[in-house]
Structures are given as structure tokens and as C-alpha cells.
Amino acid sequence: MATNDLRSKKRSSDWLTPLRGILGREVDGASLGLFRICFGAVMFAHAVKYLYPQGGTTLKDYLYHETTFNFTYPGFAWIQPIAEPWWNCLFLLMAGAALAVALGIFFRFAATVLFLSYGYIFLSELAKYNNHYYLMCLLAFLLLWTPADRRFSISTWWKRRGQIETSHQVPFWCIFILRAQLFIVYFFGGLAKINADWLTGVPMIGKGREVLDFWTPVLNLPQIEPIYIGLFIAWFGLIFDLSIGFLLIWRRTRLLAFALVASFHIGNHFLFPIGLFPIMALSTTFVFCEPDWPVRFWRWIRKPCLHRPHSKWSILGMSLLPPIGFLLGWSDKRSGVIDSSSTKMSPVVMMCLFGFLLLQVTIPFRHFWIAGDANWTEEGQDFAWRMMLRSKDASHVIFHLADEELLVEDARGNSRIDWSRTPESAERYLFVPIDSAQFDWSHHPGLTMTYEPTLGLRAVYPLADSDDSETIALQLKKQWESVTHRQVQVRESIGFEDLIVAFEDRQALEISEVAALLARLRELDTQLKRQPGLMREKYRADLAEELDVLARRSDIDPMKDVLIRLHPFSLQADSIGRRRFLIIEDPEFSKCGSLPEQLTQGNELLVWVDLGRLRPADWERLPNWFATFEDRQIKVLWNYANDLNSIQKRRFSTCPWMIRQFAMEIANRWKEETDRRPQVFVTSNIMMNFRVPQPLIDPSVDLASSTYSLSKHNDWITPLSHEVGTAHRIAERKLGSTLR
């Protein structure tokens, strides 16, 4: 028995000894030193980007302090943005540490501070998660364990000046671990792309359309379907990710691989909003070169000498991959190493290194033991290099609060809101959702309240053909002013044509930007008259967006009184016909401000609103929470538009964990104000890869009391239906005909 154990240990030792010798051998630290400089410079620029003022604020303040809520990672709820000025100091500390890392000053201490400071910032806002930021954390962590300051650092220069003996050599494992980490990123990114949607190019249809829109006028390209461009991007990305790690490792293909890396990341810079990542990816990839390549490259610059390429390899490369395939004729020369049999990697260091790598190759596979499609459920999606795999569009997420003590029955048995049991900030609005395209004004005579894009709350009076508009306008003016004690105007509404004519008559047209906007309005109005169905709604949304720009301009006040006179719901649907309306122009009322008691007489103010056609900017003008009457029931909706910024809204609307986290926040806030914890139900419709939009969250589940598991599927996330939409079917049909 003892003999067998000895033999087993001997076999293990025979296998590990050469490996320890390879990883522990001393090599030139030039490549690692240049990696340190590039990474430190990128991290410094990353910190400066957060601190640089733009648009009256900084990205740091916009993301962390100008919101009322920050999303956290599971298990890290205790990490929150700290108060100013300490939060600002943390970013300055990160910037200083990154600069010190790049310069090689107090390297180990600076690298540790960089990892801890950026790690804290990274964990402080889940909405800002990006695989590239996660990679930055990992590289900062790995770098702090290496002697990366032995080359090209101020500390080494200072030691030599003091005639202190220093070494240029570093253990090879320091370079190996960085190479392995980058290899994992590329290779697992490629593995994740092997799925039906990606192979048909569907997630990249939108990018294909953007490419065509940009390059067709420039290059006078023939008519090309976006699916073919999307298909090229998808397959190129798949093949690149799966192969580039191997091409970088093999010395013969290394120069060709660098050309591919440069092409890939420069293309990504223009196709995707990924910030500094292309620069970081390009600069750090050079760690795959021989360890002494910067020194040899500097010698080559001082005395250039281009070696003759291997003709057979060049011809093969040109035939397989023109025009850069000729680089296959040159290979990266092997550098000399100090191969000392006495220099072996420590068993403890080796165990830590391979333990780290084991985690990195295990975590990306965790979605396989969680039921459901990770692209849809987002379970197992993060920290797994699953990049750009899906195109997701979300409608506005609706949070319904159920508070039984809030509703009471009146004498007739109808449910009413007990406003005395609501938070003190509540205004007595009761919003009634409608379909503005189907709204019948003949059923609503008399003064009517509406909420609309750009215009906010408005008091509207529909006129009959026989009505005397001047007489009724005078009566409305007197009544409104007696109740609100504010001077108002009451005028007849106008359509788009009248709006444009009125704008053209104003002196504000001397502002060139306004003139450009009006030209855009004319174009949109023309397109609106030509387009049917859904396209008409798209153009109306574009019209509302352009008018919103005008409405927010402080230097064109004379034009705002024209905007407020638009026909009701004309920015959302065609429900006007030949009707005439009177509009009460009260700027204070349009802001959903405080309601005069005489206007409501202790009851709710009924407001008609087309919630389904509101843009994100329109929700920002609504109260934080408000009551609605739909399906013959009174419901309470929580409006998150002013709680979250645009980055958070875009990310959380497609992520179940984040939706649940905000539902918990809503329940906590309501309990703080009312001492009652409500149920919170969510309606969230998502379109993924052009499938038919479908619910992401089970609307019957109270998310405020639900649990979340990291290791198994959460049942309150609805399964993905594979019913595809029109765009998906067109893509499959075109691809199928091409393959045939």
C-alpha cells in the first residue's frame, strides 16, 4: 500500500516538476512592463472619464448621486456609493493609483489601491455592469501579484541611480496568467455565440442596418439587406473569438493575429458604444508576444532590417485571408530565456494560479445547470463573457402596488381611494388609461383633463359645431381663474400645419437650430401622411421628440404658447377628425403640480392618458406614484422615471434580478411613509431577437416578497416563448434561400 502511494506521488512529481520549471523560469520583464504601462494608462483615462464635466454634470454624479437608488450585486448590498466629498476622493484615488501603476511608482501598493478602489466602484452600481469592466477588475487583481515594475518603471530607474542592483527578469507565470485570462475571454465569448439566433445573424440585424445607413451614401453601395451585414458581423465575431487565442499563441500566426485583433477592435469601436475597451484590448494583447519583444522592437527601430518572408506561408495566407494574409510569411522570433533548473514555481503559487484559472473556466458554464435560456432570464449571464448575444427591447416596466388598506368602499359599494392613508406628497389625480387612437370625444362633453407627450397636463374643452368658441372661452377663463387664482388664456386648438406656420412667423426663427428643427418637423409631417399603421406611430413619436426639444429650450419662450395649443392626443394618434377644442393655457397646471382644493372639491381629478404610447421623457413629468382606473379597478402605479437615470432604465428593464430589487425598494419606501408593506406586481414585456414581445415577469407574483436563487431557475421569471416576429421570419427566409 505504501509502495503504491510512493509511486503515485512520484508520477505526480514527474509531471509537475517540468511544469513548475516552465512556469517558474525567469524571462525578460519587458513585455510585462509594457502591459503595466498600457493598463495603468487606460485605467487612468477611465477614471478621468467619470470625473470630466459634460452637459452640466459628470458621469460620476449622474450615475451615482443624481439618482435616488443604486442597484447592487447579489450578496453585495452593503456596498453603496459613499457621500461626497469622499466619493469624489475615491475616484481621484483610483486615478492617482492608475497613474502610479503606469509610471511604476510604489507599484505593489498602487496596484492594490487601484484594484480595491475600482472594485468598490464596480460593485456600487449593477446597471453599469459590462464584461469589459469585469475584465478590468480581473487584470488589476492579477497585476498586483506580479513584479511588473522591473522594466520601464521610475522605481527601477531610481534604484539604479542609487547603484542598487536590480533584475530585469520575472517568473514566466506572471505573463502566462495574463495570457490565459485574455485567452479565456476570447474563447468563451466565442463558445457563447454558438446558438441558433447568433448563427442566423438575427441579433446583429440592427447593427447591419446602422452600417448600411452610414456607408451606403458614402460608398454608393447597391441595395443590400441588413440581415446579410448582420450575418457577416455574427460569423466573423464567432470565428474570430474562437480562433484568435490560438493564433496569438502560435508564433507563426502571431503577426497575422495582431492584424486581425486591430481590425476587430477598431471595427467594434465604430459599431458598439464600448468606450475605452478597444484601446485596452489592443494594447494588452501584446502580452502574447515574446517576453523581450519591446527591447527587440526598439533595437529594430534604431536599425530597421526587414527579413525576407517565407514565400509559401505568405502565398497560403493571401489565398486564405486577403489582403492581410501575407503577414503569415513572418513569425515572431523566439526570445532567449534564462533557463535555470533551480528556478521552479512555488507549489503554493502554482495551486493559487490553477485554482484561479479553474474558477474562470467553471463560472462561464454555470448557466447550463440553471433551467431556461440565459439570454432571456439573465441567470448565469454575467461574469461569463456572454457578449453581444441578444438584441432586447423593453416596454415601460409597470409596477402595481397592492395596499388593501388604501381602498375603501363608498355608500354605493364602489372602491375609492382613502387619500388620508396615502403618503403626504400625494396629489389627487386618477389617471384613466385609454387607447388614444380609439378615444371617442363625443362621449366626453365638457371640460376634460388629459396628459400627453411634451405638453403634460392640459384642460381641454371639446366644441360642438354650433358652439360659440369666444363665449365659451370667456366663461372657462373666468371659472378657471376664480378657482386657481392664476391668469390664463383660453384659445382654440391648432393642427400641425398651423403649428409650423405659427413657428415661421416668430422672430425665434433667427436661431439656426430652431430653423433646422422646423425643417425636420415639415419632413416628419410629410412622412406621417404617407405612412400607414405602425410606421405612423413611429413618426408621431419622432415628432413628439422634436417638439420636446423646442419645449425645453429656454431661449424660445415665445414659441411655447403655440405648442400648448396642439389638438389633444395629436402627438400619439389620429382621433381628432374635424373636431374643434378649447385649450386652457396654464403652465403651472401642466407640470402636475399642486391641485387647488376648489378644482377637485375633495375628490380625485380624472385624467385621460395613453400610457402605452408615452415615451420615457413623458413619464418623468408624472408623479412618483399615481392612481389609475383600469379594468374597472383602482390601482396604484409606481413611476420609476425620476428614481433612475437612463443607464439604469435601459439595463434594469430587461434584467429580472434588477426588477425584483427595485420592487423591494418600492415596498420599503411605501412602508416607511405609510407603515404598511404593500404587494408589488410587475408587468414587463420584452422583445428578444425580434421574437413576439412577451412577459418577462409573472404578473401574478408579488415580487416584494419573492426570493432569488443564484444556483437555480427562479419560477417568477416566465419561460421564453420561441414564437418569432416578422423580422425574425424574414431573416430566416432570406438566409434559407441564400443557403439553398
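**Entry 1: a strand pair to start from**

I began with strand β10 (residues 448-452), which pairs with strand β11 (residues 456-463) in the antiparallel sense, over five bridges. I looked for one facing pair here and found Met449 opposite Ala459 of β11. A reminder to myself: this is a predicted model.

Next I asked which helix packs on the sheet at this place, touching β10 and β11. I found helix α18 (residues 469-484), which also touches β12 and β13 (580-585). I read its direction as making about 30° with that of β13.

On the sheet I also found helix α27 (residues 656-674), in touch with β6 (398-402), β15 (625-630), β16 (633-638) and β17. The direction of α27 makes about 40° with that of β6.

**Entry 2: the whole sheet**

I then stepped back to see what β10 and β11 belong to. They sit in an open sheet of ten strands with mixed pairing, in the order β12-β13-β11-β10-β14-β9-β15-β16-β6-β17. At the edges I noted β12 (489-492) and β17 (679-683), each pairing on one side only. From one strand to the next, the twist averages 40°.

**Entry 3: strand β9**

I picked strand β9 (residues 429-433) and asked how many of its five residues are buried. The count is four, so I wrote β9 down as mostly covered.

I checked both partners of β9. Strand β14 (residues 605-609) runs parallel to β9 and is joined to it by five bridges; Leu430 has Leu606 as its bridge partner there. β15 is parallel to β9 too, with two bridges, and Phe431 is partnered by Thr628 in β15.

**Entry 4: the nonpolar cores**

Which residues touch the most other members of the largest nonpolar core? I listed Phe39, Phe71, Trp385, Phe399, Phe652 and Phe662, out of 138 residues in that core. Helix α8 (residues 172-192) gives the largest share, 13 residues.

I followed Phe71 and found that its contacts include Leu126, Leu644, Phe652, Met658 and Phe662, leaving aside residues up to four places away in sequence. I also came upon a second, separate core of 28 residues, with Val490, Val609, Leu614 and Leu637 among them.

**Entry 5: α8 and its neighbour α16**

Since α8 came up in the core, I looked at how it lies against helix α16 (residues 347-362). Their axes come within 11 Å and cross at roughly 10°. Angles under 35 degrees count as roughly parallel, and α8 and α16 are therefore roughly parallel to each other.

At the meeting of the two helices I saw Trp173, Phe176, Ile184 and Phe188 among the α8 residues, and Val349, Leu353, Phe356 and Leu357 among those of α16.

**Entry 6: a glycine in a loop**

I turned to Gly495, placed in the loop between β12 and α19 (496-504). Is Gly495 buried or exposed? Its relative accessible area is 13%, and the cut-off for buried is under 20%, so Gly495 is buried.

Gly495 touches Leu566 and His567, not counting residues up to four places away in sequence. Gly495 and Leu566 are 71 residues apart in sequence, but 5.8 Å apart in space, C-alpha to C-alpha.

**Entry 7: the chain overall**

I closed with totals. The protein chain has 28 helices and 19 strands, and 51% of its 740 residues count as buried. Among contacts with a separation of 6 or more, 72% are between residues 24 or more positions apart. The chain exposes about 36,900 Å², of which carbon and sulfur atoms supply 59%.

Conventions. Residues numbered from 1 in each chain as written. Predicted model: local features only at pLDDT ≥ 70, side-chain atom pairs only at ≥ 80, totals over all residues. Heavy atoms only, no water. Pairing = 2+ DSSP bridges. Axes fitted to C-alpha atoms, helices over the stretch in contact; angles between N-to-C directions. Contact = heavy atoms within 4.5 Å. Core = buried A, V, L, I, M, F, W, Y, C linked by side-chain atoms within 4.5 Å. Buried < 20%, exposed > 50% of the residue type's maximum accessible area, 1.4 Å probe, protein only. Areas by Shrake-Rupley, 256 points an atom, 1.4 Å probe, with all protein chains shown as cover. Parallel < 35°, antiparallel > 145°, perpendicular 65-115°, else oblique.
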